[in-house]
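User: I have a structure here and some questions about how it is put together. Can we go through it step by step?

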Amino acid sequence: TLVESDVYSEETLLAFCSEDQKFITGSSESLILKNLAKKVATTDVTVFINGPTGTGKEVVANYIHDQSSRKEMPFVAVNCAAIPENMLEAILFGHEKGSFTGASNSNKGIFRAADNGTLLLDEISEMPLSLQAKLLRVLQERKVTPVGGKREINVNVRIIATTNRNMINEVKLNNFREDLYYRLNVFPIRTFDLRNRVDDILPITVSMIKKHFKDIRSFPYLTKEAQSCLLKYRWSGNVRELENVILRALVLSNSGDIDQKHIIVDECVQDDNKYYQELEDKLAAIGN
C-alpha cells in the first residue's frame, strides 16, 4: 500500500493520511503558519494576510474560519480586483431597488450575506480610494447603508483581508488609506513562495493527486526522478503552477505512475521551440 511504501517521506505520508486536505504542511515554516492561524482563529480580531500570488492566502483564510467559533456560519469571499469600480460598492453593501440603472431588485450585499460569519476581502489593495473611506466607516461602526438606502443596518462580520502588494509602499504612494490599513492590519500573517518552503512541495503534490483518486489502490506514485524534478524547480507561479503541472502529468501518464518524462513546467510552455521539442521528446519516451 501507499503507507508501506518507501517512495515518499514521512511528512508526505502524513499529509496523505490527514483528514484535513485544505491546509497541507510538510515544512517547519508552514507548520508554524498553521499553528499561528489556529491561534488567531480562537479570537475575533481582523486579520491581514500578505504574500505572493498563489501562495495560499485564501487557504489560510478558510482555515481561520473553519477553526473559529463562526465555522457554522457563512464564509464569503470577494475579489476586489475582479469587480468593476462602479459595481463594487453595491456588491459589498447591497442596494435598493431602482437605486441605479439595472437595479430591478434590491440586494442585501456581501457584508450582510456574511453576517455572523467571515468575510474575505481578497486583493483589497486593488480597492479604489473612493470606496476605501466607506469601508473604513463600516469597519468602525459595524453598520452598512445599501446604495440608494437611508437606513443603517447592523452587521456582525469577522474581516480577513489579503494582498500581494507591499502595503507600506502603497500607503506612502497614496494608493491606500493609512487609517484603513491600520484598521485591517490588527493581526498580520505572511505567506511565502513555494521555493522558500521546499518541504511542502511533495505533500501538496500528493494531496492534489489524492483529489483525483479516491481509491488508493489505483493511486499513481511519483518516481524518485519525478520528485527530484519537482523539488529542484523554482515555482514562480507557486501552488497554482504546481497544480497545473500535476494535472498535465496525470494526462500524460494516463493515470499511471508519474515519472520525470511526464513533468512539463510553465518555463517550457512559454518558450515555443523548447516546448514543442520537449513535448515531442516526452511523447516519444512515453511511447505515444
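**Core, pocket and helices**

Analyst: Start with the core. This is a predicted model. Its largest nonpolar core has 32 residues, and those with the most contacts inside it are Leu92, Phe111, Leu119, Leu121, Ile124 and Leu184. Elements giving two or more residues to this core include β2 (75–79), α4 (85–93), α5 (109–113), β3 and α6. Also on that list are β6 (158–163), α7 (167–172) and α8 (178–184).

User: Which element gives the most to this core?

Analyst: Several helices and strands give two or more residues, α7 and α8 among them. The top contribution is 5 residues, and it comes from α6.

User: What is the volume of the largest pocket?

Analyst: The pocket has a lining of 35 residues. Thr55, Gly56, Lys57, Val59 and Val239 lie nearest its centre. Its volume is about 850 Å³.

User: Which element provides the largest share of the lining of the largest pocket?

Analyst: The elements giving two or more residues are α2 (28–41), α3 (57–66), β7 (187–190), α9 (201–212) and α11 (238–252). The largest share is 5 residues, and the element is α2.

User: By class, how many residues in the lining of the largest pocket are charged?

Analyst: The lining is mixed: 13 residues are nonpolar and 10 are polar. The charged residues number 12.

User: Is Glu123 buried or exposed?

Analyst: Glu123 sits in the loop between β3 (118–122) and α6 (129–141). Its phi is positive, about 50 degrees, although it is not a glycine. Buried means under 20% relative accessible area. Glu123 has 13%, so it counts as buried.

User: What is the relative accessible area of Arg142?

Analyst: Arg142 is found in the loop between α6 and β4 (143–144). It is not a glycine either, yet has a positive phi of about 60 degrees. Arg142 is partly exposed, and its relative accessible area is 33%.

User: How far apart are the end C-alpha atoms of α11?

Analyst: α11 has 15 residues, so at 1.5 Å a residue it should span 21 Å. The model agrees with that expectation: the end C-alpha atoms are 21 Å apart.

User: Which residue with a positive phi follows α11?

Analyst: Within α11, the buried residues include Asn238, Val239, Leu242, Val245, Ile246 and Ala249. After the helix comes a residue whose phi is near 55 degrees: Asn254.

User: How many residues of α9 are buried?

Analyst: α9 reaches 18 Å from its first C-alpha to its last, close to the 16 Å expected. Its buried residues include Ile201, Leu202, Pro203, Ile204 and Thr205. The helix is mostly covered, with a buried count of 9 of its 12 residues.

User: What separates the C-alpha atoms of Ile24 and Lys34?

Analyst: Ile24 lies in the loop between α1 (10–17) and α2. Ile24 is buried, at 11% relative accessible area. Ile24 and Lys34 are 10 residues apart along the chain, and their C-alpha atoms are separated by 9.1 Å.

User: How many disulfides are found in the whole structure?

Analyst: Take two of the cysteines. Cys80 counts as buried, at 3% relative accessibility. Cys229 is partly exposed, with 23%. A disulfide needs two cysteine sulfur atoms within 2.5 Å, and the search of the whole structure gives a number of disulfides equal to 0.

Methods: Residues numbered from 1 in each chain as written. Predicted model: local features only at pLDDT ≥ 70, side-chain atom pairs only at ≥ 80, totals over all residues. Heavy atoms only, no water. 1 Å grid on protein atoms, 1.4 Å probe; cavity = no way out; pocket = protein on both sides within 12 Å on 5 of 7 lines; lining within 4 Å. Points joined across faces, edges and corners; volume = space filled by probe spheres on them. Helix = DSSP H or I, 4+ residues; strand = E, 2+ residues; numbered from the N terminus. Nonpolar A, V, L, I, M, F, W, Y, C, P; charged D, E, K, R; others polar. Buried < 20%, exposed > 50% of the residue type's maximum accessible area, 1.4 Å probe, protein only. Expected span 1.5 Å × (residues − 1). Core = buried A, V, L, I, M, F, W, Y, C linked by side-chain atoms within 4.5 Å.
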